[in-house]
There are 2 protein chains.
Amino acid sequence: MSIPTIKFYVREGLLPAGELTSPNQASYGETHVQRLRLIRALLDVGGLSVASIREVILAIDDPERSVHKLLGTVAAGLVPRYDRESHAGIEDARKQVAALIAARGWRVQQGNPASEALAVALAAVDEAGHGAFTEVLDAYADAAERVARVDLDYVAREVAREELVESVVVGTVIGDAIFSALRRMAQTDASDRRYGQST
Amino acid sequence: MSIPTIKFYVREGLLPAGELTSPNQASYGETHVQRLRLIRALLDVGGLSVASIREVILAIDDPERSVHKLLGTVAAGLVPRYDRESHAGIEDARKQVAALIAARGWRVQQGNPASEALAVALAAVDEAGHGAFTEVLDAYADAAERVARVDLDYVAREVAREELVESVVVGTVIGDAIFSALRRMAQTDASDRRYGQST
DNA sequence: GATAGTGGCTAGTGCCACTATCCACACATT
DNA sequence: AATGTGTGGATAGTGGCACTAGCCACTATC
């Protein structure tokens, strides 16, 4: 980790400045190193932008913020920015999402970034001519519920707040990357079993 | 969709040039529009780079390529590039991944990009001081298997090759985005049920 | 007293997805 | 005939982002 990069992070508000033990020696304690590791994990593995990480860091350092709101902040940081919402079937997709939320009994806000992202993705699928894809939504939702329960169980095992908020971040951001990798591996396996011989 | 953008895609090899009906009028048929929608979906929703999309397009247009290999190509395009493999515990993580593959009986190659990505993510988690996270791996793997089965079922419903390869792409790339969104929604719901009242 | 470190600042780099402009060409309109 | 419009092909420029380099005044250490 080069010095200019650390200076950059400090400037961007991701990292507190080192505490001056003497005017030319700043001590970067264990918390700094820990924070740096978190930043790198969010940046490299989670794929978050620096701006999103700043939001997450602010949420972590705000003791007033509840765990629930923290998770919302992290989730918002994960959602990529969809400039062009000019999709044709976005309204239909939104209704579909609302129906799914109702059917599942999920307590999710209407304008939630995640549900909006889902609507955009569904609209894109539909536009690409794969409307039948919606039939797998239920199976996906089942699996998602299962994963989310595991995630929350993992978060709940922590007691100290500092540990807990980091668990939330790790469990959502890095967990996303881990699950995606596992999914691709499972797909590879399933594909090998079905189509592997025909090559 | 602006003309310069289309020209850019043609230049990058994502899109075949329009067929000249007359020297100053090119006709972009339905296949072109379909291809454009696919590109936009992979770019906006899937988050793939133009270079990755080119690989995917080449795989789609190569009739010799088997479905299994096509899925491998798509999966490879999804994996972000990890420049710095200089993680400390990467070797331990690789062993952990190998153990998981063996325990699951997955037919996954050793140097698979997905399993490598998993190793990097696990190493990052461990480095961030959340080694206990590995305990959720099994639950994740269960859910991933379930999702992968649904994905392959969806792909298998198609008969024509052209439809099939597009299903593979949609089912993996866009499916990833859809599942991530669902996961965040389920997490929001689960979090609300556990911590929502305490705010 | 030269060195090397500090925070703070401005500006530059490299990558990437476009985007703008220019080119020679050919038909269509005026 | 003259002009305009559209084609593919090419080069170069734009804007955003994650750094990265260098300068500044200052100061404890070698």
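**Close-ups of a predicted protein–DNA model**

**View 1. Side chains reaching DNA strand D.** In this predicted model, a polar side-chain atom of A:Arg11 sits 3.1 Å from a base oxygen of DNA strand D, a polar contact (a pair of N or O atoms within 3.5 Å). B:Lys7 also puts a polar side-chain atom by a base oxygen of DNA strand D, at 3.4 Å. A:Thr5 goes for the backbone instead: its polar side-chain atom lies 3.0 Å from a phosphate oxygen of DNA strand D.

**View 2. The surface near DNA strand D.** "Near" here means a residue with a heavy atom within 4 Å of the strand. There are 21 residues around DNA strand D, and A:Thr5, A:Phe8, A:Tyr9, A:Arg11 and A:Leu43 come nearest. H1(A) gives the most to this surface, with 5 residues. By type, the surface splits into 10 nonpolar, 7 polar (Gly counts here) and 4 charged (Asp, Glu, Lys, Arg). On the DNA side, 74% of the strand D atoms within 4 Å of the protein belong to sugar or phosphate, and the rest to bases.

**View 3. Helix H4 of chain B.** Helices are DSSP runs (H or I, at least four residues), numbered from the N terminus. The buried residues of H4(B) (under 20% relative accessible area, 1.4 Å probe, protein chains only) include B:Leu70, B:Leu71, B:Val74 and B:Leu78. The buried residues pack against H8 (161-195) of chain A, plus H3 (50-61) and H8 (161-195) of chain B, where contact means heavy atoms within 4.5 Å.

**Notes.** Residues are numbered from 1 along each chain as its sequence is written, and chains are lettered from A in the order in which they are written. Local features need pLDDT of at least 70 and side-chain atom pairs 80 or more, while totals for chains, interfaces and linings use all residues; side-chain values use heavy atoms, leaving out hydrogens and water.

Definitions and conventions:
Polar contact = N/O pair within 3.5 Å; in protein donor to acceptor, adjacent residues only side chain to side chain. Helix = DSSP H or I, 4+ residues; strand = E, 2+ residues; numbered from the N terminus. Buried < 20%, exposed > 50% of the residue type's maximum accessible area, 1.4 Å probe, protein only.
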